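Q: I'm new to protein structures and don't know how to read one. Can we go through this one together?

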Amino acid sequence: MRLLVTGGAGYVGSACATLLAERGHDLVVLDDLSTGNRDAVPAGVEFVEGEVGADAHRVLARGDFDGVLHFAALSLVGESVEAPEKYWRGNVVATLSLLEAMRATRTPRLVFSSTAATYGEPESVPITERAPTAPTNPYGATKLAIDHAITSYAHAHDLAAISLRYFNVAGAYGNAGENRKVETHLIPLVLQAALGHRDKISVFGDDWPTADGTAVRDYIHVLDLAEAHAMALAQARPGTHGIFNLGSGAGFSVREVIESCKRVTGRDFTVEDAPRRAGDPAVLIASSQLAMDELGWRPAHTDLDEIVTDAWRFIQELGPRAHSARR
């Protein structure tokens, strides 16, 4: 397939682009490099520096695109609370421009990078696609709004669309790893402490109703996520919008993640307990049964130490070089 990958210089987008390029797809990556890394774009893949809202139409107008994988988005929860206008414009308005560009150029297929943040604080776990959607921040709200827009475009304009709502993505694949200017994810934060780049790691709450008192999250390897996108491209059907959760179906506590990082790196570092953060749920675990049944997807890399090992390799070997190559 000939595919446009928006946000293909970012963490998840570049991992998916790498896998699809390895399988012989013809890709064009569109990214403004505001958070992405040019070195993460697979070798031999055409790169266009630009914004989705302003530039997607001129790229798609070149013709013969079979689909779009849409990863480009603003994704910092705290920032979305402080500057919601930035997120509604950068996520929702930009995606509406993309949908119009796809309609104008008759681009038939879309796979959208959605998020578990659309559910907010769950009433029960594991979380299925039937769970109420009640985002607790503007980031999650913008992703949910985009899901609604895609549904209406699919029904009205025969778009073949799938949204993938994933949980905590981790690990690395090739040159694709977590290397953000502002890092908020637990595993790279802990590995930065192992490298000595952070003085300590804070554990927010040690009195949750879990086995060791710390919060539990579902971690999905970025390569498993990339596989799901490849399957979604093949399974998307005209006039329908499928929504699927993606996770490992298992949960690991904050302390389990920290201990895994210590095992993998062979390094010790300071860990301190801190008060709970407002709005943090005790447990977030996905049910991916629908994706298994309808897409034929199965997570293959669910061992926590394997996920951490891949992330550790990336942060040691590629992270500093990739970071220095931004813009």
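Q: Which residues is L69 in contact with, leaving aside its neighbours within four places in sequence?

A: Start by remembering that this is a predicted model. A contact here means heavy atoms within 4.5 Å. With the neighbours within four places in sequence set aside, L69 is in contact with L3, L4, V5, T6, L20, V111, H229 and L233.

Q: Which residues touch the most other members of the largest nonpolar core?

A: The general idea is that in soluble globular proteins, nonpolar side chains tend to be buried together. Here the largest nonpolar core has 41 residues, and V12, L69, L164, Y166, V169 and L246 touch the most other members. Several elements each supply at least two residues of this core, among them β1 (2-6), α1 (11-22), β6 (160-166) and β11 (241-246). The one giving the most is α7, with eight residues.

Q: How many residues are in the second core?

A: That separate core has 26 residues, including I187, L191, I307 and A311.

Q: Is helix α6 mostly covered or mostly open?

A: To read this, go along the helix and ask of each residue whether it is buried, meaning under 20% relative accessible area. For α6 (residues 186-194), nine of its nine residues are buried, so to speak a mostly covered helix. Among them are L186, P188, Q192 and A194.

Q: What do the buried residues of α6 pack against?

A: They pack against three strands and two helices by name: β7 (168-170), β8 (201-204) and β10 (219-221), plus α8 (254-265) and α10 (304-317). Just after α6, have a look at G196, which takes a positive phi of about 85 degrees.

Q: Okay, zooming out: how many helices and strands are in the protein chain?

A: You'll find eleven helices and 14 strands. To judge how compact a chain is, you can compare its radius of gyration with what the globule rule gives. The value here is 19 Å, close to the 20 Å from the rule for 327 residues, so the chain is as compact as a globular protein of that length. Along its principal axes, the C-alpha trace spans about 55 × 45 × 40 Å.

Q: What share of the residues is buried?

A: Buried residues make up 54% of the 327 in the protein chain. As for the outside, the chain exposes about 13,800 Å², and carbon and sulfur atoms supply 49% of that.

Q: And how far apart in sequence are the residues that contacts join?

A: Take the contacts between residues at least 6 apart in sequence: 79% of those join residues at least 24 apart.

Technical notes
Residues numbered from 1 in each chain as written. Predicted model: local features only at pLDDT ≥ 70, side-chain atom pairs only at ≥ 80, totals over all residues. Heavy atoms only, no water. Core = buried A, V, L, I, M, F, W, Y, C linked by side-chain atoms within 4.5 Å. Buried < 20%, exposed > 50% of the residue type's maximum accessible area, 1.4 Å probe, protein only. Helix = DSSP H or I, 4+ residues; strand = E, 2+ residues; numbered from the N terminus. Rg over C-alpha atoms; globule rule 2.2 N^0.38 Å. Areas by Shrake-Rupley, 256 points an atom, 1.4 Å probe, with all protein chains shown as cover.
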